[in-house]
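Work through the exercises below with the coordinates open. Try each task before reading its solution.

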2 protein chains.
Amino acid sequence: MKFSMKGEYGLRLAVNLARSYPTIKNTKDIAAEENISLKYLERLIGELRKKEIVKSFKGKDGGYILARNPKKISAGEVIEVMEGTFTSKCMDTHCVQVKKCPSSFVWIKLGEQIRKTLYGIKLSDLIK
Amino acid sequence: MKFSMKGEYGLRLAVNLARSYPTIKNTKDIAAEENISLKYLERLIGELRKKEIVKSFKGKDGGYILARNPKKISAGEVIEVMEGTFTSKCMDTHCVQVKKCPSSFVWIKLGEQIRKTLYGIKLSDLIK
DNA sequence: TTAATATCCTACTCAATTAGTATGATATAA
DNA sequence: TTATATCATACTAATTGAGTAGGATATTAA
């Protein structure tokens, strides 16, 4: 489980689109505003599209919009797409102890709290 | 910010020593019990020693014990030593916006929650 | 005092991941 | 039909994770 620039970028993209919702916005404009290279942004936003957080429109005057209302999309959802699912069990993928492992208690508790925190924050909360 | 096997191992070592507290225990025994290679364990426990979470005794019949009572050492403290401090600001180390950045709100909130969760769990809670 | 024991230190390896870049194919609407 | 914009794939360079290897150093029991 990690939180890196990938999640940061994903969140910025989503918040940017939340601001202009429900207007279509193209990657060139977003890249300029968010200071991300156009090419990298294209790749990242592609992941958000595959997970149906944004919708795309090809061709002239095309671009992206959020797939749902900013009130209905959480920061957690976006970050989880970019970073992978938040762990809720032992870090050791080969671990078979499951219940005996004392540290698994910690990771489960941690995962719950992270999920509660990040799913509680909606994109609409982040546009001031 | 990340949570990996390094933190898992650190926590296991600490919990293991919490169980035998306040008896000295050597790395060979811990390695066998926790299924970590002796050499790797030596390196990891060295980091815990430098941060004064464990104390070491050299020479024959030497080994390690917790530097404090298991009730006074939290999971967060141990994990933070292994993984680095939990982020409380924007992931972007070059970011100078500080307050304008909408995502920084998310990371600050997340950091607070993680800290609250992990510092609330003591080693004594993890030995059944 | 010396031999056994155990910690301590540094450097190395190997694979995976992060944070991009580069090139171009594909779809669409004006 | 052409300009525009998304979409797909492959590549790279630097960093990190996870672990190994070899030996130096300190201590204490015999």
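Three exercises on this predicted model follow, each with a worked solution.

**Exercise 1. Chain symmetry**

Find the operation that lays chain A on chain B.

Solution.
- Two copies of a chain are related by a rotation about an axis and a shift along it.
- Here the turn is 180° and the shift along the axis is 0.0 Å, with an RMSD of 0.0 Å.
- The two copies are therefore related as by a two-fold rotation axis.
- Both copies use the same surface: 100% of the contact residues of chain A recur in chain B.
- Within chain A, the residue closest to the rotation axis is A:Lys2, whose C-alpha lies at 2.0 Å.

**Exercise 2. Helix packing in chain B**

Describe how helix α2 and helix α3 of chain B cross.

Solution.
- Helix α2 of chain B spans residues 27–34, and helix α3 of chain B spans residues 38–50.
- Their axes come within 9 Å and cross at roughly 110°.
- Angles of 65 to 115 degrees count as roughly perpendicular, so α2(B) and α3(B) are roughly perpendicular to each other.
- The crossing of α2(B) and α3(B) is right-handed.
- From α2(B), the contact draws on B:Thr27, B:Lys28, B:Ile30 and B:Ala31. From α3(B) come B:Leu38, B:Leu41, B:Glu42 and B:Ile45.
- Sorted by class, this contact has 5 nonpolar, 1 polar and 2 charged residues.

**Exercise 3. A loop lysine**

Locate A:Lys58 and decide: is A:Lys58 buried or exposed?

Solution.
- A:Lys58 sits in the loop between β1 (54–57) and β2 (63–66) of chain A.
- The relative accessible area of A:Lys58 is 83%. Exposed means over 50%, so A:Lys58 is exposed.
- A:Ser20 is 38 residues from A:Lys58 along the chain, and their C-alpha atoms are separated by 18 Å.

Key: Residues are numbered from 1 along each chain as its sequence is written. Chains are lettered from A and ligands numbered from 1 in the order in which they are written. This is a predicted model: local features need pLDDT of at least 70, side-chain atom pairs count only at pLDDT 80 or more; totals for chains, interfaces and linings use all residues. Side-chain values use heavy atoms; hydrogens and water are left out. Copies are superposed by least squares on the C-alpha atoms of residues with pLDDT of at least 70 in both. Contact means heavy atoms within 4.5 Å. Axes are lines fitted to C-alpha atoms, for helices over the stretch in contact, and angles run from 0 to 180 degrees between N-to-C directions. Helices (H or I, at least four residues) and strands (E, at least two) are DSSP runs, numbered from the N terminus. Angles under 35 degrees count as roughly parallel, over 145 as roughly antiparallel, 65 to 115 as roughly perpendicular and the rest as oblique. A crossing is left-handed if the near helix is turned anticlockwise from the far one by less than a right angle, and right-handed if clockwise. Ala, Val, Leu, Ile, Met, Phe, Trp, Tyr, Cys and Pro count as nonpolar, Asp, Glu, Lys and Arg as charged, and the others, Gly among them, as polar. Buried means under 20% relative accessible area, exposed over 50%, partly exposed in between (1.4 Å probe, protein chains only).
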